[in-house]
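This report goes through one protein structure, from its overall make-up to selected side-chain contacts.

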Amino acid sequence: PSAEAELVSLARKGDLSRLRDRSRDVRNNARAEDDAARAARLHGLRSTRTWMDDEGMGCGKWRLTPDAHALVLAALDVHRKKTARAASAAGDSYENALADALVAAVSVAPADQDEAKSSTPRWQGVVLVDLEALRRGHVHDDERCEIDGVGSIPVTTARDLLGEASLDLVLREGLDIRSVVHVGRQFTRAQRTALIARDRTCIRPSCNAKRGLELEHRDGWAKTLATSVDSGARVCRRDHDLKTHGGHTYRGQPGLWEWHLPDGTVEHERPPPDGPGP
């Protein structure tokens, strides 16, 4: 009940994806179970189903714990990136490329498996967790503990990952690096992690993409010759291309982003003071 006002406010904005994610977190946080019990419950729900559809196409569905799901997504992304250029040239969709990546990921020859295991980290990613939740062992209210691009995880799972994964841990009570500016074109590791923590989805108000986000210089590095957290943002590949080559621009800040189209249309993250806008 204490989350009602927040969820109604999210619903008014019409952002179904964020409303769904936040509602899931509220439900999980309200369960009368500790994180160890939640981790065990999720583990017990794991499953995989396969079948053939009416077209004769092989189909599948899996339900995995968030950390196991992150492993699958990471493996798919590695293979998708290897063939991304060829897939784009052939006019294949993202889903086409991901299907090819799935086949490639499970087609490693036995002779190559030992080499792959020895040369590839078990998992690489970013875990976002509140400091007090990490200390306490579970989350309260609006605290978060999640894998970037995947979703919330039990704090016990995050602690396990800390011992066996290569990751960046963002403690929201940690160092504020917003004032750090350097003249290089690339974002530093700390800046990249800060932007991941800040921009949970593509910042374009009409886009809810969570995976495959790219770092972008709002005003163009060639003009400013400086790189900082405040001058950067995370956008999906499609919107990055539109901004770079299609005449799209954006301005504002988290919670108040505006995306400007070449025809003059403006997409607002929140309705402007004088009305809903176009």
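The sections below cover the overall make-up, one helix, the salt bridges and the nonpolar cores.

## Overall make-up

The model is predicted. The protein has 278 residues, of which 34% are buried. Its secondary structure consists of 11 helices and 11 strands.

About 17,200 Å² of the protein is exposed, and carbon and sulfur atoms account for 52% of that area. When contacts between residues at least 6 apart in sequence are taken, 54% of them connect residues at least 24 apart.

## Helix H3

Helix H3 spans residues 35–44, and its buried residues are Asp35, Arg38 and Leu42. Viewed along the axis of H3, these buried residues lie within an arc of 55°, so they line one face of the helix. On the face turned away from the buried side of H3 are the exposed residues Ala40 and Gly44.

## Salt bridges between distant parts of the chain

The salt bridges number 14. One of them is formed by the side chains of Asp148 and Arg200, with an N to O distance of 3.0 Å. Asp148 sits in the loop between strand S4 (145–147) and strand S5 (151–152), while Arg200 sits in the loop between helix H9 (189–198) and strand S7 (214–217); the pair therefore ties together parts that are 52 residues apart in sequence. Asp148 has a relative accessibility of 18% and counts as buried. Arg200, with a relative accessible area of 21%, is partly exposed.

A salt bridge also joins Arg204 and Glu267, whose closest N and O atoms are 3.0 Å apart. Arg204 is in the loop between H9 and S7 and Glu267 is in strand S11 (residues 266–268), so this pair links distant parts of the chain, 63 residues apart. Arg204 and Glu267 are both buried.

## A neighbouring pair and a network

Arg238 and Asp239 meet through their side chains in a salt bridge, at 3.1 Å from N to O. Asp239 is buried at 0% relative accessibility, whereas Arg238 is exposed at 56%. Elsewhere, Glu146, Asp148, Arg200 and Arg234 are joined into one network by salt bridges that share partners.

## Nonpolar cores

Which residues make up the largest nonpolar core? This core has 12 residues: Ala70, Val127, Val129, Ala133, Leu134, Val139, Cys145, Ile147, Ile153, Val155, Ala158 and Leu161. At least two residues of the core come from each of strand S3 (124–129), H7, S4 and helix H8 (155–164). H8 supplies the largest share, with 3 residues.

A second core, separate from this one, has 11 residues, including Cys207, Leu213, Tyr250 and Leu261.

## Glu132 in helix H7

Helix H7 covers residues 131–136, and Glu132 is part of it. Glu132 counts as partly exposed, with a relative accessibility of 35%. Glu132 and Glu143 are 11 residues apart along the chain, and 8.6 Å separates their C-alpha atoms.

Key: Residues are numbered from 1 along each chain as its sequence is written. This is a predicted model: local features need pLDDT of at least 70, side-chain atom pairs count only at pLDDT 80 or more; totals for chains, interfaces and linings use all residues. Side-chain values use heavy atoms; hydrogens and water are left out. Helices (H or I, at least four residues) and strands (E, at least two) are DSSP runs, numbered from the N terminus. Buried means under 20% relative accessible area, exposed over 50%, partly exposed in between (1.4 Å probe, protein chains only). Contact means heavy atoms within 4.5 Å. Accessible areas come from the Shrake-Rupley method with a 1.4 Å probe; for residues, only the protein chains shown count as cover. The arc is that of the directions from the helix axis to the C-beta atoms. A salt bridge is a side-chain nitrogen of Lys or Arg within 4 Å of a carboxyl oxygen of Asp or Glu. A nonpolar core is a set of buried Ala, Val, Leu, Ile, Met, Phe, Trp, Tyr and Cys residues joined through side-chain atoms within 4.5 Å.
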